[in-house]
Structure formats: structure tokens, C-alpha cells
Amino acid sequence: MSAAYWRKAMNRGQTPSATRGPTPRQRPTRTPWNFENPIRVHHVVVLVFLVAFPWFATPFFTYQIGAQSLALGLIAMSLTFLGGYGGMISLAQMTVAGIAGYMVAIFGVSASDGVSLGWPWWLAVLLGVVIATLAATFIGWLSVRTEGIYTIMITLAIGVAFYYLALQNYAVFNGFQGKQKVFPPTLFGIYWRDAVPFYYLVLFWALAGYLFVVYLLRTPFGIALQGIRDNPRRMHALGFNVTGHRVAAYAIAGLIAAIGGVLFTWYNGLVTPGSVGTGWLINILVIAVLGGMRHPVGAFLGAIVFVLLQNFAIDVIDRERFNLVIGAVFLAIVLFSPDGLLGWWAGLKSKLTNQRGGNRWKEARGRLYARS
Amino acid sequence: LRRGWKIFWSVVIGVPIALFIAWALWDNERLFLITLLNGLTLASLYFIVAAGFTLVFGLMRNVNLAHGSLYLLGGYLGFFTAQYTGSWLLALAAGFVGAAIVGLAMQVSIFRFMPGQDLRQTMVTIGLSIVIADILMWIIGAQVHQMSPPDWLDGPIRNIPVIKAYSNYRLALLPIGIAIGVALWLFLNRTRVGMMIRAGVDDRAMLSASGVNVNLVFAVTFAIGAGLAGFGGVIGAVELSMAPGEDVRLLLASLIVVIVGGMGSVVGAALGAAILGLAETYGLAYAPTYSVVFTFVILVLVLAFRPRGILGRPA
């Protein structure tokens, strides 16, 4: 029994009655592709900007800012999907990404021979993504056994445990050194590590991931997932398999994080225990919360701000104090604008135009926090 | 059937452990016994730190992810106190009081204003842990600090059968941990404030309705929980060492201890600490590069069969 079936059933039973006041505005039937909001001007502008970006930006901006933001945004978006729409804040998304990166390095080529098998790149990437997705499913299966606030503890424990495993184990993970020189392949005569090709590679996957999530959220599965976020008991009573939906959400988020992880590993050219350490586990949460978890685009916004801060905050203050800046920004967001930049923007917009519309955001306000 | 399962699981878990003990004793009894002592003393430290964590969680549903930072803060405070006064006992007091004050400030100035928003409180503690860790690194630097034990606990004890010699200080951790556990038990079960805390763990709303100032109880609990982290920090500053990153290690230990033992239960924390301490030291002694895997396997097994921890109760 799907959510679409239920919606239809509910709509059929809705008879207009005189005592009910104004009848609700008729909406077009929502099939996954008939978007409520058609493609608007700002979508086109953003797309054109993203595609044209390398033409006017320096290689530094294309690679360090553009590609890095998109790769990090993809990983953070998996958390937005899981947290904002599934109600489960997992701190292990970077662990999943790191597992994908490690697997690519282990099966593929890296500087440390003996622990790298040197298989062709497509096989290594495929295996990396599959293994990381399986790991994410396993993490999900473990952590959905408990609810709400416990999730954050369990996923953090799993993430830190993997960090120590990667740090202490030399036979497979090469210990503290990690895997150096993990580069994207040369294909069609293009070396994909060069700034512009790499940017387009990441842009392609970021767009694909974004559209996939936006699409998925309108399918019966996505609707059911949001229902489970808002009221798991009711959804259970309606006959939905709550645990199954949650584990599936972990698996999908894991797939997205794994792709992001491969790209981020290629971006860095290495994967070390440091890239799955607590710092990065939390950075992903910081990025997702910074942008706002109400919409998948928030993750990319957060990533851009994060990367800009990382690169330019050091000009204002000491380089060593980046953590202090990012911690303070994160604290300020959590304390004063719980819905991140998106929430702040929505509040600003409704204040400026003073309209009741656009309050799609307002309805959702604090939903993430209200649940637990 | 329930009894049958109990017997089944005791056999499945007990037999491999018994076999391992038999093999290890036959193979190298000294290594086995020293590892046992190391495990128990480490468990004692874990218990002290995790007891504070579980106390705060049990009452306020606040997962204080800044607990590790409070541990490190207490350790540094103790280190500098010991440096200036030369007294280890004063250092312990400074670690406890310093961390308690910071914890109290956190509760009074931030968490009090977001009651019932567990997730948001947890996120705030994440932010605080980043900020505290970085400020500590700013002021104190990244180098490793190690505190020396007090004179009357320094040096090894000799002439123990089989083991031969063992660090006096490490051995002293065992009675310290037990004393803290007993004191905590007495405080929670025999005093009025303890009674209020236990009542609050069971039903916050009812406690408030019966005329108790819940905010005050919360503040006291948070101060004690944070203080225990600081206390553990001073103890750990001698046994382990203090450096950026140690906060994460102890946070992970606290998380696993309370997940395994059951959240909000002090006895559960003791049990979880014993399991984790022993698993970690035996892992390090017998399979060095995979020691964290044992910890992880224990976590997975407990979550798979008792999602609320061994002694956990439904929330």
C-alpha cells in the first residue's frame, strides 16, 4: 500500500461542505515529474552560472572552491536527505564516504604498493561504491534499532571506531600514512585531475545526485519517509514498514555519500585516517546545518560557505584557528537560526515582501528539532 | 523459552571467553594477569568519566558531546595546579571544580533556554566541543603533557606473585573508581538531591509538578556530571597523557560505555566500562592492529540483541 494510494483515497473522501469555510485551493496532481514549481528563472541562472563558472574563474577557484564545494556538498546532501527528510542525524556519512575512498585506493592504484591491488579504475570505483553502500546499509540497520537522539551517539561511535581502525591497521589501511596518490584516470584523452575536467566531473555527479534526491522526495517512498519522520507510530499503524523505509534511506544516503567520497578522495589525491576523523565527521554535519536541512540545496550552500571560510578566513585570522571560526559559526547557526542559511533567507524574504506565501518554509520550521 | 535463550547465550558468549582464558593462562600467565589489571584500571577511569555522561543523559536527555572536552579541560587544570602547588589532591579538586563550573555555565546560559529540544542541545554540545578543543589548543599548544603521580603513589609495587611488579598509581585507580562508584550510589540513593535526580530520570514533568525546582536539579546534575569528567581528566593525565585528540578518545569511550551498559544507569556504566576496558586492553595485548574491532563487535552485538544496552530501560 503506497503513499500515493493513500493520498488518492483521502482526496476522494473529501467532500466540499458549506460549514468548512473556503475550500482548499485545487492543486494539480503531483506525479514525480509534474513538479509543483515549474522550472523558474533562478534555476536557469544558477545552472548557467555553474556550467560557465570555469570559463571566467581562475583554476584555483575552479578546483579548490568549485569542485571541492560540490564534492563536499554531495556528501553533506546525503546527510540532509537522511536528517531533514528521514529525521535521522547520522554522523557516519563521512565514514561511508571514507570507506568508498579507501576501497578505491585498496582495489585501484595508490602510492603504497603491496596494499593496493592495482585493478582497473572502473572496477575499483564500482567496488568502492558498492562496498560503501553495503556498509551504510549495515550502519543504518544497526542504528535504526534505537530512536532519535540515540542515532547520533551510535553513528558517532561507529565513525570514530572506523577512524581508529584505519589509524591502527597497517595491513589493509596503511595506518597513519593512509593511501597517497589516489588519482582519477585518464579517459578519452582527458586527464580528469586537471581543474576544468574535474570540475565538470564533480558538477555532473552533484547535479545528478541533487536531481535524484529531489525526484525521490516526490515519489511514494519519499513521501512515506517524510511521514515516518513526522510520526513513525501513525505510519506504522497505517501499515508502512518503518524500519524498512529507514534502512532504505540509509542505503540511498550511503550511495550518494559513497559517490561523493570517491570524488572527494580524487580531489585530495589521498585518503588518510584524518579524512574520516571526528573533525570531518562533524564538518559534514556543520555543512548540512549551516546551509539548512529543509531542502537538498542547503547542503551545497553550506559547502560553499564552509569552503570559502576555510580558504579565506585564514587571511583575517590565524590559519590555526579555523576550527574556532567554524565552531563559532556553527554555534551561532544552531543557537540563532536553527534552519540554517535557508531559514535565514526565508525569514528575510518574508519580512521584505511581507507576504503570506513562501511560508512553505515557515510551516516546516523547526520540524527537524521538533521530532525528537 | 526465556530461560532457554539465557542459557544459550551464556554458552555462546561464555565458552569462547573461557577457552581464551584457559589458553592465555597456559600460554603466558604473567601477560594475562597484567593485562587483566591494566584492563580493570582503565575501566575504572572510563567508569568515572562515563558516569558523569550517563547521569546527565539520564536526567536531561542531553547527549553532551562536549564531555570529552570537559575531560581535557579538567586534565589541563589539574596539570597546572599541580605544577604551581605541587599537590596532587589539590589538582584533583581543581579539575573537578573547574569542569563543574564550565558545565554549570553551559547549563545555565544555554541549555536552560531550549528545554525538550534534545537534538538541538546535542548540536550545541558539538559546537561547544569544537570551540573548547580549539581554545585549549590555542592556549596550551599541541604538545603532549604528562602529569607525574604524587610521591606516595609513585613507583612500582614489587614482590607480587606471578606479576612481580606493578605500577602503584595504576593499582590505586581501582579503589578510586570503586570509591567514586560507591559515593555516587550513596549520593543518588541516600540523599534528598539524589532522590530528586532519580525521580527526574523517571518522570521530569511529575517532579516539577510536585514543587521541585527542576532547573536547580538540572544545574546540580550537570555540574556533577561535568565535574566527574574533569576529575577523570586529572586521573587520566597521569595514566594516559594530555594532548589534542584525547578528548575524542574519551568521548568515544563514554559513548560506547553508556551504549553497551544502558543509558542513564550508573550500574550500567560500571558494567560497560569493565567490558570496554577489558576488551580494549586484551585487544591491544593479543591483536594490536585490530583491537578496535573487538570494541566494535561488542557494540554491534549489544545493539543487535539489546538495543537499549545491557541494563537499559525503555525511555
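User: What makes the meeting of the B:R249 and B:E246 side chains a salt bridge?

Analyst: The distance does. A salt bridge is a side-chain nitrogen of Lys or Arg within 4 Å of a carboxyl oxygen of Asp or Glu. B:R249 and B:E246 meet at 4.0 Å, N to O, so the pair fits the rule. This is a predicted model: local features need pLDDT of at least 70, side-chain atom pairs count only at pLDDT 80 or more, and totals for chains, interfaces and linings use all residues. Side-chain values use heavy atoms, without hydrogens and water, residues are numbered from 1 along each chain as its sequence is written, and chains are lettered from A and ligands numbered from 1 in the order in which they are written.

User: Why are B:R249 and B:E246 separated by about one helical turn?

Analyst: Because they are 3 residues apart in helix 10 of chain B. Helices (H or I, at least four residues) and strands (E, at least two) are DSSP runs, numbered from the N terminus.

User: Why is B:E246 called buried or exposed?

Analyst: Buried means under 20% relative accessible area, exposed over 50%, partly exposed in between (1.4 Å probe, protein chains only). B:E246 has 12%, so it counts as buried. B:R249 has 24%, so it is partly exposed.

User: How do you know that A:R229 forms a salt bridge with A:D230?

Analyst: Their closest N and O atoms are 3.0 Å apart. That is within the limit, so the pair qualifies. A:R229 is buried at 4%, while A:D230 is partly exposed at 45%. Over all chains, the structure holds 2 salt bridges.

User: How many salt bridges link chain B and chain A?

Analyst: The count is 0. The rule does find 3 residue pairs in polar contact across the interface, both residues at pLDDT 80 or more. A polar contact is a pair of N or O atoms within 3.5 Å; within protein, one must be able to donate a hydrogen and the other to accept it, and residues adjacent in sequence count only if both atoms are side-chain atoms.

User: Which helix of chain B gives the most to the side that touches chain A?

Analyst: Helix 5 of chain B, with 15 residues.

User: How many residues are in the contact?

Analyst: Chain B brings 47 residues and chain A 42. Contact means heavy atoms within 4.5 Å.
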